[in-house]
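Subject: Structure for you to look at

Hello,

Here is the structure I said I would pass on. Please have it open while you read the notes below it.

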Amino acid sequence: MRAAWPIFVALALLAGLVAAAISQQFLGESLALLGLPDPGKATTIGLPLFRGAGWIVLSLALGSFMLAAFGPRPNADGDLALDGHLASRTGTYALVAWALLAIGQIPMVLSDVSGSTLAETLKPDMWFIALEQISEARAWAWVAGIALFAAFFAGMSHRWIWQPVYFALTLLSMVPLFAVGHNAAGGDHDIGTNSLIIHLVLMALWIGGLMAMLAHGMRRGADMDVVVNRYSFVALIAFFAMAVSGVVNALLKVRIEDLFSMEYGNVLVAKTVLLIVLGIFGFAHRQRTIPRLKKDPYNSGAFRKVAIGELVIMAVTAGLAVTLTRTPPPPPRDPNLSVMDIELGFPLFEPANWANIFLMWRIDMFFSVASAVAAAIYLYWYIKLIRRGGQWPIHRVLWWVGGCFMLFFTTCSGLGMYGMAMFSWHMLAHMSMSMLIPVMLVQGGVITLALRALEPAGKNGVPGIREWLVAFINNPVSRFLTHPITAAVQFVSGFYLLYLTPLYDLMVDEHLGHLFMNIHFLISGYIFYWVAIGVDAAPRQVPPYLKLVTVLGTLPFHAWFGIILMQSATPIGLDFYQKLDLPFYVDLLQDQNWGGAVAWGAGEVPLIIVALALCVQWLNQDRKESKRFDRQEERSGDAELNAYNEMLARLSGQTTDAEPAEQDYYNQEVTSFELRPTIDPNKSRHQQH
């Protein structure tokens, strides 16, 4: 067994030094364009050094928690086994290092943008100035806070079921950085930000996953062949996704002729070459090292040699990526950007109408990729189940694929474009994301399909997606979220908290705010309809009458919310909508009233339809129960009915402990009724009983 941490430290230093060296070379042009003085060597070298090293330790945290979750099998009691425990502990240490490096960025950012020396910006009062006046400094503060929060809980518990939560929190610590930088401002920043999210997240997974595999191999961890094979699939997806998203992001800023004539273009070319080299390394893994590991899982020597060489190139690539944030991009193709270009990322020239909703298109890279991936995974599972001889209703497939298409349409058509600029169309998109799309997706029954299509890992196998779905269904958190009251409260309260508090004004002005709102609408609606009309296995079984009560109970709250919007005298998001300066007139208050009408009508109608569907479901369940009872009585020869008659007969002949008056009472009452039931041929045995 060999320790991997010296290699990780060397990789972090390599990435930081590459970023510092190239940034130092290009710094003069950046300062000249910004008109700022040189902040000094400490900031010039320290800022890119910290960032380059930070991306490596962030990647290590992601890869370690991913290995702890999907790698070595846990113990029978749900605790991580030794290999998983070591991976989780590595992720915790990496999170702490990521937080410390993020904290160090705060005074360096202030020094960088103001030209003051680092010694000056390290003073306590300057920290408050940085956090108050510089958005990038606030972003790094959020990064540090989220990372420390995740590290605290990751260090407190090493339960297997919590590892995906730590993984998700580590991903969340990256999000504040997407709101600052070249991609978050100017024209096409919606496409730039979304493509950057895909690019950097998958780059971190690629680098971090390989670092975790290297550490697992150096300590001769169990199931090395399985975890490397799984990582190979992740690396393959990451390679193609990084290539596509990188090209899209580059084309937004650089013309072809700028690639070799400008420093920014030179860095992009170097990064592209290194990505191709990494693809060759990945091909070598799939052709040589993975087959060797399948023959001898503990012989990871060949894997270590290739992995270390690949990680060196990855560290250099990460350093180049940091350099791009320090190098000024070429000037925009159109220097006369409108306010709409700056705020939305694109201009709108014509008033909104139904024709434009269907004829105007602008691809949302985040949700278009999400909808395509969701449809592809579902169809893959469906084909796999059918080929194995299983059965699956075709209407479930149509529901799911239809829901994915509606997600694509809502976010990429004119509805998504006008929804970012006008409240009424935003509310229509909101209703689609929270009411229509979740209903269609829930009817697809994706969890049940996955449980049928995926093969179980077995008692001694490495847990996979199927085991995680089972764990997701059978845990207290899921049972709490799928309680009818919880599902209804989170579904309804989102409307009031978002639109009747300052939260909407804060989010509508940021691209990440729009992204967060859409994700929230989808998840909130899916949880509610999973409980109300879901066909999947759920953590708790809710009878149809309780589902009906839950749905009907939300109707008044939707109606009140719509009425509040329609009667409001002050437009929501007033500053943002006024700032857009649309080329066509929009009465903001009237537009909000229309939005309230949409919230009322588009919210009530689906819920009423769902309530009627639940009534039908309730009736069908009663009929099934009646038929089941009839079949049981036929098999038992009406045993339950005969037992009931015998009980009545015993009551009619009771004489032992009763007084004479009581005996007359029993006899009188019993003889006044027909003890043997009257058989009605039009009724089932269940109804007669």
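The side chains of Glu120 and Lys123 meet in a salt bridge, with N and O 3.1 Å apart. The model is a predicted one, and the values here are computed from it. Glu120 is partly exposed, because its relative accessibility of 33% is neither under 20% nor over 50%. Lys123 is also partly exposed, at 39%. The whole structure has eight salt bridges, and two others are described next.

Asp190 pairs with Arg362, and their closest N and O atoms are 2.9 Å apart. Asp190 belongs to helix 8, while Arg362 sits in the loop between helix 13 and helix 14 (365-387), so this salt bridge ties together parts that are 172 residues apart in sequence. Asp190 and Arg362 are both buried. A network of salt bridges links these two residues with Asp188.

Asp509 and Lys579 form another salt bridge, with 3.2 Å between the closest N and O atoms. Since Asp509 is in the loop between helix 22 and helix 23 (511-533) and Lys579 is in helix 25 (residues 574-580), the pair ties together parts 70 residues apart in sequence. Asp509 has a relative accessibility of 29% and counts as partly exposed. Lys579, at 34%, counts as partly exposed too.

Next, the aromatic rings. A pair of them is described by the distance of the centres and the angle of the planes. The structure holds 28 aromatic pairs. One of them is formed by Phe358 and Phe409, with 5.3 Å from centre to centre and 40° between the planes, and it is tilted. This pair links distant parts of the chain: Phe358 is in helix 13 (residues 354-359) and Phe409 in helix 15 (residues 394-412), 51 residues apart. Are the two partners buried or exposed? Phe358 is partly exposed, with 48% relative accessibility, whereas Phe409 is buried, with 11%.

The rings of Phe423 and Tyr504 make an edge-to-face pair, because their planes stand at 85°, which is over 60, with the centres 5.9 Å apart. Here too distant parts of the chain are linked, 81 residues apart: Phe423 lies in helix 17 (residues 423-444) and Tyr504 in helix 22 (residues 503-507). Phe423 is buried, with a relative accessible area of 3%. Tyr504 is buried as well, with a relative accessible area of 0%. Both residues belong to a cluster linked by ring pairs, whose other members are Phe491, Phe495, Tyr496, Tyr499, Phe528, Tyr529 and Phe561.

The last item is a single residue, Ser173, in the loop between helix 7 (163-172) and helix 8 (189-218). Ser173 counts as buried because its relative accessibility, 0%, is under 20%. What does the side chain of Ser173 meet? A polar contact of 3.2 Å joins it to the side chain of Trp98. In addition, a polar atom of the Ser173 side chain lies 2.5 Å from the backbone oxygen of Thr170. With neighbours within four places in sequence left aside, Ser173 is in contact with Trp98, Leu58, Val143, Ile146 and Ala147.

Regards

How values were computed. Residues are numbered from 1 along each chain as its sequence is written. This is a predicted model: local features need pLDDT of at least 70, side-chain atom pairs count only at pLDDT 80 or more; totals for chains, interfaces and linings use all residues. Side-chain values use heavy atoms; hydrogens and water are left out. Rings of Phe, Tyr and Trp (its six-membered ring) pair if their centres lie within 6.5 Å; planes under 30 degrees apart count as stacked, over 60 as edge-to-face and the rest as tilted. Helices (H or I, at least four residues) and strands (E, at least two) are DSSP runs, numbered from the N terminus. Buried means under 20% relative accessible area, exposed over 50%, partly exposed in between (1.4 Å probe, protein chains only). A polar contact is a pair of N or O atoms within 3.5 Å; within protein, one must be able to donate a hydrogen and the other to accept it, and residues adjacent in sequence count only if both atoms are side-chain atoms. Contact means heavy atoms within 4.5 Å. A salt bridge is a side-chain nitrogen of Lys or Arg within 4 Å of a carboxyl oxygen of Asp or Glu.
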